[in-house]
Amino acid sequence: MADLFWLSDEAWSKIEPHLPRGKPGKPRVDDRVVISGILHVLKVGCRWRDVPSAYGPPTTIYNRYHRWARRGIWQRLFERMARPTKETARWRWPLTIPPFPSRSAR
């Protein structure tokens with residue numbers, strides 16, 4: 001289980017304020033654990049039903065991903081996270097990226 005992916009405290013502190021709140025119904029399973037499970041599936045490419053049990057039931061992980069995708073929550077989250085901050089506003093664009101060796105150029 002050493003290969004599990006968990007959101008860092010820093011990453012979680014940036015994501016958590018943008019999550020939906022106050023939806024009526026049954027209380028949600030811990031968002032941080034479920035989102036870590038979703039990111040694990042996307043990172044390693046496993047099937048939803050093969051997500052490690054440490055993240056919770058596979059149906060919960062899949063349903064949260066699918067429902068939030070259908071409601072546009074992931075898109076809004078990515079857009080909000082990509083907005084310039086005071087720190088990034090000082091960057092000079094375009095940032096220079098070092099050349100990446102290409103296999104096709106060999």
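1. A good place to start is Trp68. In this predicted model, Trp68 has a relative accessibility of 3%, so this residue counts as buried, the cut-off being under 20%. Trp74 comes out buried as well, with a relative accessibility of 11%.

2. How are these two rings arranged? Trp68 and Trp74 make an aromatic pair with 5.3 Å from centre to centre and 55° between the planes, and the pair is classed as tilted.

3. While you have Trp74 on the screen, have a look at what surrounds it. Setting aside neighbours within four places in sequence, Trp74 touches Ile35, Ile38, Arg64, Tyr65, Trp68 and Ala69. Its pairing partner Trp68 is therefore also on the contact list.

4. Now for the nonpolar core. The largest one contains 16 residues. Trp12, Ile15, Leu19, Ile35, Ile61, Trp68 and Trp74 are the members with the most contacts inside this core. Helices α1 (9-15), α2, α3 and α4 (73-82) each contribute at least two residues to this core. Which helix gives the largest share? That is α2, with 4 residues. As general background, nonpolar side chains in soluble globular proteins tend to be buried together.

5. Back to the aromatics, where the count is 6 pairs. One of them joins Trp48 and Tyr65: the ring centres are 5.1 Å apart and the planes meet at 35°, so this pair is tilted, since that class covers angles that are neither under 30 degrees nor over 60. The pair connects distant parts of the chain, 17 residues apart. Trp48 sits in the loop between α2 (31-44) and α3 (58-70), whereas Tyr65 belongs to helix α3.

6. Are Trp48 and Tyr65 buried, exposed or something in between? Trp48 has a relative accessibility of 21% and is classed as partly exposed. Tyr65, with a relative accessible area of 27%, is partly exposed too.

7. It helps to view the aromatic residues together. Ring pairs join Trp48, Tyr62, Tyr65, Trp68, Trp74 and Phe78 into a cluster. This cluster includes the buried Trp68 and Trp74, along with the partly exposed Trp48 and Tyr65.

8. Finally, a word on Arg49, which lies in the loop between α2 and α3. Arg49 has a relative accessibility of 60%, so this residue counts as exposed, a class that begins over 50%. The C-alpha atoms of Arg49 and Thr59 are 7.3 Å apart, and 10 residues separate the two along the chain.

Conventions: Residues are numbered from 1 along each chain as its sequence is written. This is a predicted model: local features need pLDDT of at least 70, side-chain atom pairs count only at pLDDT 80 or more; totals for chains, interfaces and linings use all residues. Side-chain values use heavy atoms; hydrogens and water are left out. Rings of Phe, Tyr and Trp (its six-membered ring) pair if their centres lie within 6.5 Å; planes under 30 degrees apart count as stacked, over 60 as edge-to-face and the rest as tilted. Buried means under 20% relative accessible area, exposed over 50%, partly exposed in between (1.4 Å probe, protein chains only). A nonpolar core is a set of buried Ala, Val, Leu, Ile, Met, Phe, Trp, Tyr and Cys residues joined through side-chain atoms within 4.5 Å. Contact means heavy atoms within 4.5 Å.
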